[in-house]
Amino acid sequence: MAKARERSSANVPRGRRAAKPSTGPGGLGVGVWTRPHMLGLQDVTPEEMRAVLMKARSFEDEGHAAARRDRGPGSAGPRTALAGFVVANLFFEDSTRTRMSFSLAARRLGAQVLDLSSTDSSINKGETIRDTAANVAAMGVDALVVRHRASGAAALVARAVHESFGVTVVNAGDGKHEHPTQGLLDAYTIGSSFHRLGDFDFRGLRVAIVGDVASSRVARSDIAALTALGAEVICVGPPRLVPRGLEVLGCRVTHDLDEVIGIVDAVNVLRIQFERHGAGKPEPGLHGPLAKPGSAISSLREYAELYGLSVRRVARMKREAVILHPGPINRGVEMTAAVADGDKSVVLKQVGHGIAVRMAVLDLCLHAGRD
Ligand code: NCD
């Protein structure tokens, strides 16, 4: 079949490349979503977010069944919305879920996927992220999925590669700034838990984000997505991890988890990101790991006591309430193993929804401005 991309050179700007509009379910999102990049959610409108989420829902509805059908007799053939496209993962920071999820999402739409991580690239030889990105772009890739420890890295890459190569950039986590696909998949999971997949109207829902909000790009994207969709967001944690200043993002702040645990519909629990505190990882102690001097918390035991989700604390939650975690979970710190694996946990559902959301983001961004 005709490829969505028929370019003769990697240098042809996006607008001039021949491309088919999205063949995704129902052409959803086409028209509303016009951005070539997904760099963050803070300036994305509720309508645009809903366009992505609705498209993800269509992929979810049909996708899993179709993926199974495609392998069986009478197969309608694999999805081809991104056939002929090349998506490169540029991960300069560790990742399990996000990288695999983007790879799978791109492959499910028929794209070719390239993988580069900091352990096997010339980053370690002193090459700048701009140079690495420009070199990969010059090979003729269509999208770069970028994770980097510096806030603003994905936007910097977008500026470096879009003008000359017409390459789409998707932010897979930049420092403490944003992780937009995680924000959207968290919103999707909440929508799915409360039967809001029809309109993603979250009015009347209250969500607590508990933990190291100050270091968390996930929290920033979550706050942007959830408040835009109409939910009330309360950030909870000790003052150094959840400073009052976060309220400028449109959420409430409290340092008392027990005050809000019984009134929220969802709790999104975050890992303590010691690697971003400058004090390093906790050291082994007699009664478990001990935070190092200079860390934002003095004792992991005390933290678990005040802010960890235990079975006892979870028993005070609303009957329908759900527990999310972007992963990786430190069992015994932010939640006990029993809670992580318990009835209220939708952690593995989040992982599944992540694929549909990333399919939607790649499809919409790669087709934006091409028809
Ligand atoms: C998070 C990240 O890297 O931002 N994980 C993820 O992408 N699923 C959160 C974390 O590292 O704690």
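Student: In this predicted model, over the ring of which residue does the charged end of Arg-358 sit?

Tutor: In this predicted model, a charge counts as sitting over a ring if, for Arg, the CZ atom is within 6 Å of the ring centre and within 35 degrees of the ring normal. The charged end of Arg-358 lies 4.9 Å from the centre of the ring in question, and that ring belongs to Phe-102.

Student: At what distance from the ring centre of Trp-33 does Arg-35 lie?

Tutor: The limit for such an arrangement is again a distance within 6 Å of the ring centre. Arg-35 lies over the face of Trp-33, and its distance from the ring centre is 5.8 Å.

Student: Is helix H5 largely enclosed by the rest of the structure or largely open?

Tutor: A residue is called buried when its relative accessible area is under 20%. Among the buried residues of H5, which spans residues 180-193, are Pro-180, Leu-184 and Tyr-188. Because 12 of the 14 residues of H5 are buried, the helix is largely enclosed.

Student: How far apart are the end C-alpha atoms of H5?

Tutor: At 1.5 Å a residue, the 14 residues of H5 should span 20 Å, which gives an expectation to compare with the model. The value found between the end C-alpha atoms agrees with that expectation, and it is 20 Å.

Student: The structure holds 3 aromatic pairs; what is the angle between the planes of Tyr-188 and Phe-200?

Tutor: These two rings are 5.7 Å apart, centre to centre, and form a tilted pair. The pair links distant parts of the chain, with Tyr-188 in helix H5 and Phe-200 in the loop between H5 and E5, and both residues are buried. The angle between their planes is 45°.

Student: Are the rings of Tyr-303 and Tyr-307 stacked, edge-to-face or tilted?

Tutor: Tyr-303 and Tyr-307 are 4 residues apart in helix H8, so they are separated by about one helical turn. Planes under 30 degrees apart count as stacked and those over 60 as edge-to-face. Since the ring centres are 5.5 Å apart and the planes lie at 40°, the pair is tilted.

Student: Which residue in E6 stands opposite Ile-209?

Tutor: Strand E5, residues 206-210, has 4 of its 5 residues buried, so it is largely enclosed by the rest of the structure. E5 pairs with strand E6 in the parallel sense over 5 bridges, and the two strands make a right-handed β-α-β unit with helix H6. The residue in E6 that stands opposite Ile-209 is Cys-235.

Terms used. Residues are numbered from 1 along each chain as its sequence is written. This is a predicted model: local features need pLDDT of at least 70, side-chain atom pairs count only at pLDDT 80 or more; totals for chains, interfaces and linings use all residues. Side-chain values use heavy atoms; hydrogens and water are left out. Buried means under 20% relative accessible area, exposed over 50%, partly exposed in between (1.4 Å probe, protein chains only). Two strands pair if DSSP finds at least two bridges between them. A crossover is right-handed if, with the strands pointing away from the viewer, the path from the first strand over the helix to the second runs clockwise. The expected span of a helix is 1.5 Å times one less than its number of residues. Rings of Phe, Tyr and Trp (its six-membered ring) pair if their centres lie within 6.5 Å; planes under 30 degrees apart count as stacked, over 60 as edge-to-face and the rest as tilted.
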